[in-house]
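Trainee: Please take me through the ligand site at close range. I would also like to hear about the spaces in the protein.

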Amino acid sequence: MPDSVINLYSDTQTQPSAAMRKAMADAEVGDEQRGLDPTVTALEEEVAALLGKEAAVFLPSGSMCNQIAIRLHIRPFGDEMYAHRLAHPINAEAAGAATISGALMMPLEGEGGTFDGATLRARMRDPLDTHEPRSRLVTIEQPTNLGGGRVWTMARIEEVLDVAREFGLRTHLDGARLLNATVASGESAAAYAAGFETAWIDFSKGLGAPVGACLAGSAELIAEARRYKQMLGGSMRQGGIVAAAARYGLQHNVERLAEDHANAKFLAEGLAELPGVEIDPATVETNIVIFDVADAQSLHDKLAASGVEMSLLEGRVRAVTHLDVDRGGVEKALASVKDALS
Ligand SMILES: *Cc1c(COP(=O)(O)O)cnc(C)c1O
């Protein structure tokens with residue numbers, strides 16, 4: 001067994017730092033279910049302001065943000081939602097959109113987990129044809145996850161939103177890593193969220209908190225979201241303990257995401273020079289690096305044996321940089337890939 005593990009499996013692997021744990025220990029708390037936890041309330045107000053929305057609700061996970069948002073938008077009588085084939089609700093939420101909301105999920109194709117306006121338009125249904133499902137919701141990931149951490153350009157988002165407006169679709173932004181996109185592009189979170197009725201951010205990824213996410217939208221939608229939060233068992237009691245970690249992450253761990261992006265780029269550039277590895281470093285825009293090798297499973301296992309954790313995805317290898325892996329760690333990971341392939 002190697003004595004220390006370089007964990008590039010995901011940015012969900014971060015451990016709460018000593019300072020974050022101190023903020024949690026010191027948090028003022030109350031009964032969150034009754035709206036009486038001051039730390040949760042402060043976090044919800046901060047996220048609503050950050051995303052330029054009227055209100056926000058603190059939830060245990062990003063998956064619950066997606067599921068509640070989908071439930072808000074989808075009527076369980078034949079509605080169809082559109083998302084990229086690699087989108088999280090299609091691949092990693094246990095078919096909740098079908099089970100909880102009765103949504104028909106229509107996967108779209110496009111580069112790096114994104115799609116264009118024409119691709120969405122081609123899928124729009126005839127509302128008068130009773131044979132067809134009803135076009136109802138479009139959701140995008142900014143940045144993409146399984147698509148490789150790609151950042152949607154504002155122009156591409158506008159294309160999709162134009163189609164949504166033309167066909168009367170509801171709109172949802174999965175912003176699990178939205179602050180990675182803002183740090184990478186210089187756009188604001190509110191600018192990205194502006195055209196979407198619901199949007200959310202995750203605290204348990206690059207921001208380094210152990211738990212939690214916040215879903216934002218109009219006061220009316222978020223009031224309704226609180227009913228679904230209760231229904232799904234997402235209401236907490238002294239939630240301020242974990243909300244404090246989220247607030248700490250927002251205050252201290254946003255600008256530093258640029259280091260994770262630089263490390264991901266460094267890793268991609270190093271990988272591109274290795275014989276047998278296929279990756280275009282220009283496609284690495286945030287903290288996710290996905291690359292091809294002849295035998296991904298074998299590389300993955302050899303890396304694990306040498307103390308480097310990466311994940312497998314459709315026969316490809318994925319590495320995610322984060323605040324618990326520094327440049328030295330990335331250099332070691334790169335050396336391990338080189339050894340494993342030679
Ligand atoms: C991680 C992730 C989610 C789910 O968030 P959890 O907090 O892990 O439930 C949803 N969408 C995307 C794009 C993600 O990366």
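Mentor: The ligand comes first, then the cavity, then the pocket.

This is a predicted model, in which local features need pLDDT of at least 70 and side-chain atom pairs count only at pLDDT 80 or more, while totals for chains, interfaces and linings use all residues. Numbering runs from 1 along each chain as its sequence is written, and side-chain values use heavy atoms, with hydrogens and water left out.

Start with the shell. It holds 15 residues, each with a heavy atom within 4 Å of the ligand. Ser63, Asp174, Arg177, Asp202 and Lys205 come nearest. By class, the shell has 7 polar, 6 charged and 2 nonpolar residues. Asp, Glu, Lys and Arg count as charged; Ala, Val, Leu, Ile, Met, Phe, Trp, Tyr, Cys and Pro as nonpolar; the others, Gly among them, as polar. Two elements, α3 (62-73) and β7 (198-202), each supply at least two shell residues. The largest share is 3 residues, from α3. Helices (H or I, at least four residues) and strands (E, at least two) are DSSP runs, numbered from the N terminus.

Now the polar side chains. Asp174 places a polar side-chain atom 2.6 Å from a ligand nitrogen. Lys205 has one 2.9 Å from a ligand oxygen. For Asn145, an N or O atom of the side chain is also 2.9 Å from an oxygen of the ligand. On its own, the ligand has 380 Å² of accessible area (Shrake-Rupley, 1.4 Å probe), and the protein covers 88% of that.

Next, the cavity. On a 1 Å grid over the protein atoms alone, a cavity is a set of points where a 1.4 Å probe fits but cannot get out; lining residues have an atom within 4 Å of a point. The whole structure has 1 cavity of 30 Å³ or more. The largest cavity holds about 50 Å³. Its lining includes Arg177, Asp202 and Lys205, which are also among the residues that come nearest to the ligand. Other lining residues include Ala176, Ile201 and Leu257. α8 (178-185) and β7 give two or more residues each. The biggest contribution, 3 residues, is from α8. The cavity lining has 6 nonpolar, 2 polar and 3 charged residues.

Last, the largest pocket (an open set with protein on both sides within 12 Å along at least five of seven lines). Its volume is about 380 Å³. Of its 24 lining residues, Gly112, Gly147, Arg150, Thr283 and Arg316 are closest to the centre. Strand β9 (residues 288-291) gives the largest share, 3 residues. By class, this lining has 9 charged, 8 nonpolar and 7 polar residues.

Terms used. Polar contact = N/O pair within 3.5 Å; in protein donor to acceptor, adjacent residues only side chain to side chain. Points joined across faces, edges and corners; volume = space filled by probe spheres on them.
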